[in-house]
Amino acid sequence: MADEAPKEYHLHKHQPSKLQLAVRDLAPYLKKHGDKATKAHSHSYYQIILFATEGRHYVDYEVASHARQTAFVLLPGQIHYFCPDALNEGRIIQFNEQFLARFDPKARDVIEYRLFNELTPENLTIAGPEWERICGILDLLEHEIADKKNDYPTQSYHLLRTLITYLERAQEVQYGAIPAASKDYRMALKFKRLIQDKITTFPELAQYAAWLNTSTKTLSRISKRYWNDTPANVIKKRKILEAKRLLANRQIQVKEVGYSLGFEEPSNFSKYFSKVVGMRPKEFQQQLP
């Protein structure tokens, strides 16, 4: 499904498409957009979903069950859809990189280092008092945006960063501290981002190592530690995941997905995909919700 920009509070009347931040109650949002939100789709912005009730939803085609008072964080590009049978009570916050960069050019690196990445768990179960504090921050953020008082974009940004800090603290309580001094952790993040940056090409592993100023042996050790797999398989799985995300757009042809991922022949892409997934790309696309 093509990415559809939400109807959000715009923080700059002259650049509404570039500075996006939205806060809304989940139940009314799904009542209005449920026909689209319950089908596989992706967005170009970050999302924080706060589920007040237990239930389940889907992230990158995998079932994500959750307890009450659970927060989910989603990166741009991830496939997501809500389960229509779940209560889906809570709130959803959406913001993009341009909004962050307006106030801090390094903000993307900061939030992706701890919370928004593929190395740390994407779901956080939050204790009662902390949940109330987070909801209080959201109340302030929502009022700030709605009231549009003096310098409200800056204040909204700081409230968003405060919200993210509280979620990072909840993450530390539940899963332990992020290894801030770990070179391996930093290298793993850089490797994942590099894979994404080079997703349309097929570099050798030695080239990845050279770009990261390390050795193939080190990359193999890091891949084993964080993904329990070889670097080659990590790269392959990431390319397949990107293919699946692109195939969520039912208007795009399979051959176009192959070309966008660096395959010169559609048949080569189909074989590559089928070998890993167990079905042809078109079959996968046709069975999507």
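Here are five short exercises on this structure, each with a worked solution.

The model is predicted, so local features need pLDDT of at least 70 and side-chain atom pairs count only at pLDDT 80 or more, while totals for chains, interfaces and linings use all residues. Residues are numbered from 1 along each chain as its sequence is written, and side-chain values use heavy atoms, with hydrogens and water left out.

**Exercise 1. The sheet**

Task: Work out the strand order of the open sheet and find the strands at its edges.

Solution, step by step:

- Begin with the vocabulary: helices (H or I, at least four residues) and strands (E, at least two) are DSSP runs, numbered from the N terminus. Two strands pair if DSSP finds at least two bridges between them.
- The open sheet has 4 strands in the order 3-8-5-6, and the pairing is antiparallel.
- Strand 3 (41-42) and strand 6 (62-66) are the edges; each has a single partner strand, so one side of each lacks a neighbour in the sheet.
- Now follow the bridges. Strand 5 (residues 55-59) and strand 8 (residues 79-82) run antiparallel and are joined by 3 bridges, with V59 partnered by H80.
- On the strand 3 side, 2 bridges make the antiparallel pairing with strand 8, and there H80 is the bridge partner of H41.

**Exercise 2. What covers strand 8**

Task: Are the faces of strand 8 covered or open, and which helix packs on the sheet?

Solution, step by step:

- Take "buried" as under 20% relative accessible area, "exposed" as over 50% and "partly exposed" as in between, using a 1.4 Å probe and protein chains only.
- I79 and Y81 lie on one side of strand 8, H80 and F82 on the other, and all of them are buried, which leaves both faces covered.
- Strand 5 is joined to strand 8 by 3 bridges. Helix 1 (residues 26-37) packs on the sheet and touches strand 3 and strand 8, a contact being heavy atoms within 4.5 Å.
- The direction of helix 1 makes about 115 degrees with that of strand 8. Axes here are lines fitted to C-alpha atoms, for helices over the stretch in contact, and angles run from 0 to 180 degrees between N-to-C directions.

**Exercise 3. Helix 4 and the loop after it**

Task: Compare the span of helix 4 with the expected one, then look for positive phi values after the helix.

Solution, step by step:

- Helix 4 (residues 128-147) has 20 residues and reaches 28 Å from its first C-alpha to its last, close to the 28 Å expected. The expected span is 1.5 Å times one less than the number of residues.
- Its buried residues are W131, I134, C135, I137, L138, L141, E144 and I145.
- It helps to recall that an α-helix has 3.6 residues a turn, so residues three or four places apart point the same way.
- K148 follows helix 4 and has a positive phi, near 55 degrees.
- In the loop between helix 4 and helix 5 sits D151, whose phi is positive at about 60 degrees although D151 is not a glycine. D151 is partly exposed, at 45% relative accessible area.

**Exercise 4. Aromatic pairs**

Task: How many aromatic pairs does the whole structure hold, and what is the geometry of F99 with Y157?

Solution, step by step:

- Rings of Phe, Tyr and Trp (its six-membered ring) pair if their centres lie within 6.5 Å; planes under 30 degrees apart are stacked, over 60 edge-to-face and the rest tilted.
- The search finds 22 aromatic pairs. In one of them, the rings of F99 and Y157 have centres 6.2 Å apart and planes at 65 degrees, so the pair is edge-to-face.
- F99 belongs to helix 2 (residues 97-103) and Y157 to helix 5 (residues 152-175), so the pair ties together parts 58 residues apart in sequence.
- F99 is buried at 0% relative accessibility, and Y157 is buried at 5%.
- The rings of F191 and Y208 have centres 5.8 Å apart and planes at 85 degrees, so this pair is edge-to-face. Both residues are buried.
- Ring pairs also link Y61, F202, F263, F269, Y272, F273 and F284 into a cluster.

**Exercise 5. A buried glutamate**

Task: Is E242 buried or exposed, and which residues does E242 touch?

Solution, step by step:

- E242 is in helix 9 (residues 231-247).
- Its relative accessibility is 14%, so E242 counts as buried.
- Leaving out residues up to four places away in sequence, E242 touches Q196, I199 and L261.
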